[in-house]
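Student: I am new to this structure and would like to go through it step by step. Could you show it to me before we begin?

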Amino acid sequence: RNETKLLSQGAPKKPATSFVMFSNAHREEVKAANPGLSFIDVGKKLGEMWREMDPTVRKEWEDRATAAKDEYLEAKKIWLEHRSVQSGLYGD
């Protein structure tokens, strides 16, 4: 396990999915509107809102997630190139 952590140290963090981005943006709003809901019930309410969302609005969230994924893949590519150069310098 420690070896895996050392290999991935400095790696870019994976991006959130469209639903997670939506949930993070609306969680406080749902909690304020429903103060008695448990964490699980807030999640259920967010899931219900997601399922009932207009497809054009959902597409906006999916586009945000796609953009974040593209940025992640580019950052990962750069990180992997940098890591391979570093390992080449030190003979690891």
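**Questions and answers**

Student: Is L37 buried, partly exposed or exposed?
Tutor: The terms rest on relative accessible area, where buried means under 20%, exposed over 50% and partly exposed in between, with a 1.4 Å probe and protein chains only. The relative accessibility of L37 is 32%, so by these limits L37 counts as partly exposed.

Student: What kind of model is this, and how are its residues numbered?
Tutor: This is a predicted model, in which local features need pLDDT of at least 70 and side-chain atom pairs count only at pLDDT 80 or more, while totals for chains, interfaces and linings use all residues. Side-chain values use heavy atoms, with hydrogens and water left out, and residues are numbered along each chain as its sequence is written, starting from 1.

Student: Where is L37 found, and which residues is L37 in contact with once its neighbours within four places in sequence are left aside?
Tutor: Helices (H or I, at least four residues) and strands (E, at least two) are DSSP runs numbered from the N terminus, and L37 is found in the loop between α2 and α3. Contact means heavy atoms within 4.5 Å. Leaving aside neighbours within four places in sequence, the residues in contact with L37 are V42 and K45.

Student: Which residue forms a salt bridge with K45?
Tutor: A salt bridge is a side-chain nitrogen of Lys or Arg within 4 Å of a carboxyl oxygen of Asp or Glu. K45 is partly exposed at 29% relative accessible area, and its partner is partly exposed at 34%. The two are 3 residues apart in helix α3, about one helical turn, and with 3.7 Å from N to O the partner of K45 is E48.

Student: How many salt bridges are there by this rule, and how far apart are the closest N and O atoms of D63 and K59?
Tutor: The count comes to 3 salt bridges, and one of them joins D63 and K59, which both lie in helix α4, 4 residues apart, about one turn of the helix. D63 counts as partly exposed at 39% relative accessibility, and K59 is partly exposed at 47%. The closest N and O atoms of this pair are 2.8 Å apart.

Student: Which residue forms a salt bridge with K31?
Tutor: K31 is partly exposed, with a relative accessible area of 39%, whereas its partner counts as exposed at 54%. Both lie in helix α2, 3 residues apart, about one turn of the helix. The closest N and O atoms are 3.6 Å apart, and the partner of K31 is E28.

Student: Which residues make up the largest nonpolar core?
Tutor: A nonpolar core is a set of buried Ala, Val, Leu, Ile, Met, Phe, Trp, Tyr and Cys residues joined through side-chain atoms within 4.5 Å. The largest one holds 10 residues in all, and α2 (18–33), α3 (39–52) and α4 (55–90) each supply at least two of its residues. Its members are M21, F22, V30, V42, L46, W50, M53, W61, A65 and A68.

Student: Is S18 buried or exposed, and which residues is S18 in contact with beyond its neighbours within four places in sequence?
Tutor: S18 lies in helix α2 and counts as buried at 14% relative accessibility. Leaving aside neighbours within four places in sequence, S18 is in contact with W50, W61, E62 and A65.

Student: How many aromatic pairs does the structure hold, and why is the pair of F19 and W50 called edge-to-face or stacked?
Tutor: Rings of Phe, Tyr and Trp (its six-membered ring) pair if their centres lie within 6.5 Å; planes under 30 degrees apart count as stacked, over 60 as edge-to-face and the rest as tilted. The structure holds 3 aromatic pairs. The rings of F19 and W50 have their centres 5.7 Å apart and their planes at 70 degrees, so this pair is edge-to-face.

Student: Which residues are linked into a cluster by ring pairs?
Tutor: W50 is buried at 11% relative accessibility, and W50 also forms a tilted pair with F22, at 5.4 Å centre to centre and 50 degrees between the planes. F22 is buried at 3%. Ring pairs link into a cluster the residues F19, F22, W50 and W61.
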